[in-house]
Amino acid sequence: MNPEGNGRRKLLKGALGTGILAAGAASVPHFLFPALAQGERLVPFSDDQSQSFQWNPIQPNTTHWQDTREINSYFTDNEKFYLVQHYGQPEVDNASWRLKVTGMVDNELEFSLQDLMGRNNIEQQVGFECGGNGQRLLHGLIGNANWRGVALNSILQEAGVQDGAKEIVFFGADTSNEEIRGREVEKAFARSLSIPDAMRPENMLAFEMNGEPLPHYHGKPVRLLVPGWYGVANVKWLTQIHVQNTRYMGRFMGRDYVTLKKTNVGGTERWVENSVTTMNLKSAIVRVVESGGQYRIQGFVLNDGTPLQSVEVKVDDGPWQRAEMNPRNTKYSWKLFSYNWNSPAPGEHTIVSRVTDVNGNIQITMDQVPEKVSFWEDFAQFPRKINI
Ligand SMILES: Nc1nc2c(c(=O)[nH]1)N[C@H]1C(S)=C(S)[C@@H](COP(=O)(O)O)O[C@H]1N2
Ligand SMILES: [Mo]
């Protein structure tokens, strides 16, 4: 959080009262995640750490996470979509905002919002979570939306990335004083991508979220979206794209969002640090709904976009049983699933899900997670307890 918080003046106007009615509700058959209908009830988890759900409503400069028991639609309303920003939420004026492309390019470029909106648009469903999301928050740092913008690679091609370039750095308008080696220096939020990662055709500069102009809190007027990656890659309030021939060493590449874990490195066990990049294969149960004695277990999957083979649910010591996938799921959306839990016996049960991708990777259990020091990348199976 930014104690100076120059975004404090901002009222709630941008993000509230701007539901997605136009884009969403009318056309969305609430397939597997219907809102609670008459006679339906949420079955409470008995392991519920309800304080985990005492999240703040959307407010300037606060982190906001979702009560995952309330996930009841395929797209997350803009005002429910989680919020993370490390330097507060800067004021940005859409009319005077400019995006610069600088560094090792044949043509340095500058775009206004109108310029970007006038280019070829792409639209994509992208869901993501914070690299710091986890079981302790019942996975509430999560959301799924339909975004519109321009392809990043079209901008980079127009600029002409020069030979020898190694990385592309994306700077946000938000800055803060960081104390580094005893010295206070002003730093902007920034993340970098290698040239091949940046050139992926799915990366986009998004100016629209669920049919609305990108809301203030989500990085207006334009943010980067790197589908399949943890949220930290999706730089909000984007102002500069810089091409360089060295690695970018910022706080959010090199110090935070860095997982420290024990790994086998060519036959030697070593403690290794890695920047948080693509999302690990993960599923989690978020809610159980009962209606007329019928129980349904519902949850989500997030991963790097690799197609899935199956999601399975296990009750107590029973066999893994296949869940049904929401037909709306797309490559980079979150993937919702549902499992009909027929005639559960009264009493306490443990339920858990696991996802397998087409390459045969299976979501691991907590016991299989490599020894880790950091809490980043919490993707293990998540058993829940529930009373019937
Ligand atoms: N400019 C800027 N972009 C940022 C951040 C930030 O602090 N500043 N936080 C990142 C992190 S850690 C996450 S998880 C996502 C959250 O995006 P959201 O708030 O729209 O959900 O934004 C990313 N982009
Ligand atoms: Mo994050």
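Okay, before anything else, one definition: buried means under 20% relative accessible area, exposed means over 50%, and partly exposed is what falls in between. Keep that in your heads for the next few minutes. And please remember that what we're looking at is a predicted model.

So, glutamine 125. This one belongs to strand E4, which runs over residues 122-129. Its relative accessible area comes out at 22%, so we call glutamine 125 partly exposed. Who is across from it? Take asparagine 144: that's 19 residues away in sequence, yet the two C-alpha atoms are 7.2 Å apart in space.

Now jump along to serine 275. You'll find this serine in strand E13, residues 268-275. With a relative accessible area of 21%, serine 275 is also labelled partly exposed, because the partly exposed class lies between the 20% and 50% limits. For a sequence neighbour at some distance, look at aspartate 256: 19 residues separate it from serine 275 along the chain, and C-alpha to C-alpha the gap is 8.2 Å.

Next stop, a loop. Between strand E1 (40-42) and strand E2 (99-103) sits asparagine 61. Buried or exposed, this asparagine 61? Buried: its relative accessibility is 7%, and the cut-off for buried is under 20%, so asparagine 61 falls into that class. What does its side chain talk to? A polar atom of the asparagine 61 side chain is 2.6 Å from the backbone nitrogen of glutamine 89.

Right, on to the ligand. Where does ligand 1 sit? In the largest cavity. There are 19 residues around ligand 1, and the ones that come nearest are Tyr82, Asp174, His218, Arg223 and Lys236. If you sort that shell by type, you get 11 nonpolar residues, five polar ones and three charged ones.

Let me walk you through some polar contacts. From tyrosine 82 it's the backbone: an N or O atom there is 2.6 Å from an oxygen of ligand 1. Aspartate 174 uses its side chain instead, with an N or O atom 2.7 Å from a nitrogen of ligand 1. And asparagine 234 brings a polar backbone atom to 3.0 Å from a nitrogen atom of the ligand. As for how covered the thing is: on its own, ligand 1 has 530 Å² of accessible area, and the protein covers 100% of that.

So, to wrap up: two partly exposed strand residues, glutamine 125 and serine 275, a buried loop asparagine at 61, and ligand 1 in the largest cavity. Happy to rotate the model if anyone wants another look.

Technical notes. Residues numbered from 1 in each chain as written. Chains lettered and ligands numbered in written order. Predicted model: local features only at pLDDT ≥ 70, side-chain atom pairs only at ≥ 80, totals over all residues. Heavy atoms only, no water. Near = heavy atom within 4 Å. Polar contact = N/O pair within 3.5 Å; in protein donor to acceptor, adjacent residues only side chain to side chain. Areas by Shrake-Rupley, 256 points an atom, 1.4 Å probe, with all protein chains shown as cover. 1 Å grid on protein atoms, 1.4 Å probe; cavity = no way out; pocket = protein on both sides within 12 Å on 5 of 7 lines; lining within 4 Å. Sits in = over half its atoms within 2 Å of the grid points. Nonpolar A, V, L, I, M, F, W, Y, C, P; charged D, E, K, R; others polar. Helix = DSSP H or I, 4+ residues; strand = E, 2+ residues; numbered from the N terminus. Buried < 20%, exposed > 50% of the residue type's maximum accessible area, 1.4 Å probe, protein only.
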